[in-house]
Amino acid sequence: MFRVGPPRTVGWYDVDFPEVVALRPQVLPQPTNAHTIGADLTDPQWLHYIPADRPAVIVADGLIPFLTQDDFVSLLNRLTSHFPSGELAFNLYTTYAIWTLTHTRGMAAIAGGVVNPGFNDPHQPERWSDGLKLVEEIFLTRAPEVAELPPIWRLTSHLAAPSATVSRMIGTVVLRYRF
Ligand SMILES: C[S@@+](CC[C@H](N)C(=O)[O-])C[C@H]1O[C@@H](n2cnc3c(N)ncnc32)[C@H](O)[C@@H]1O
């Protein structure tokens, strides 16, 4: 929320497991328009706490690896049916990205929680949930932030940037959908 900086007219809801949302007020300020919901996202009940009478911008940052394919698809469909319209953004985890998450020593602490197989076609969610339309695929390899990377990553990003397939393999990709 602090990175996005929405106006006070926006209602903001952070959803995570109860233990995680309980920690948030201890380390982050809680603006009056910010709400926390402690829930398992695979439980359909939590959405009842969020008003359904206005468009929504939904951001799922770093979440998808921890949901099974069926749970992810159900969640997509629940979100698009709950709100009248909106946008949804999440980072793409390709099958290769999932493989590296589960086979890199530095990721060992979270590897056990990775249950999603990943997907390679950014249009795939359109087939999983009627009404979702891919509007943007944002490649880190083409982003201005590349200038702030160490030289070797700058060079790698510049070399990969012309190819969407290679960019998806080596760098962060954010997918943005409308519904
Ligand atoms: C890599 S972190 C991303 C953190 C998040 N972007 C944020 O700013 O707090 C993944 C988060 O997903 C949460 N998570 C994973 N599976 C979940 C589930 N089934 N229900 C609710 N939260 C879940 C984890 O607890 C963790 O905080």
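**Note on the ligand site and the second largest pocket**

1. By class, the shell around the ligand holds 7 nonpolar, 1 polar and 4 charged residues. This is a predicted model.

2. The nonpolar residues around the ligand are Phe-17, Val-20, Ala-39, Leu-41, Leu-63, Phe-66 and Leu-67. The charged ones are Asp-16, Arg-24, Asp-40 and Asp-61. Gly-62 is also in the shell, and Gly counts as polar here.

3. Two aspartates place side-chain atoms close to ligand heteroatoms. For Asp-16, a side-chain N or O atom is 2.6 Å from an oxygen atom of the ligand. For Asp-40, a polar side-chain atom lies 2.9 Å from a ligand nitrogen.

4. Leu-41 makes its approach through the backbone. One of its backbone N or O atoms is 2.8 Å from a nitrogen atom of the ligand. The ligand on its own has 590 Å² of accessible area, and the protein covers 67% of that.

5. A separate item is the second largest pocket. Its volume is about 380 Å³. The lining has 16 residues. Nearest the centre of this pocket lie Ala-97, Thr-100, Ile-170, Gly-171 and Thr-172.

6. Which elements give two or more residues to the lining of this pocket? They are helix 3 (95-103) and helix 7 (164-170). Helix 3 supplies the largest share, with 4 residues.

7. On chemistry, the lining of the second largest pocket divides into 9 nonpolar, 6 polar and 1 charged residues. For the shell around the ligand, the corresponding counts are 7 nonpolar, 1 polar and 4 charged.

How values were computed. Residues are numbered from 1 along each chain as its sequence is written. This is a predicted model: local features need pLDDT of at least 70, side-chain atom pairs count only at pLDDT 80 or more; totals for chains, interfaces and linings use all residues. Side-chain values use heavy atoms; hydrogens and water are left out. A residue is near a molecule or strand if one of its heavy atoms lies within 4 Å of it. A polar contact is a pair of N or O atoms within 3.5 Å; within protein, one must be able to donate a hydrogen and the other to accept it, and residues adjacent in sequence count only if both atoms are side-chain atoms. Accessible areas come from the Shrake-Rupley method with a 1.4 Å probe; for residues, only the protein chains shown count as cover. On a 1 Å grid over the protein atoms alone, a cavity is a set of points where a 1.4 Å probe fits but cannot get out, and a pocket is an open set with protein on both sides within 12 Å along at least five of seven lines; lining residues have an atom within 4 Å of a point. Grid points are joined across faces, edges and corners, and a volume is the space filled by probe spheres set on the points.
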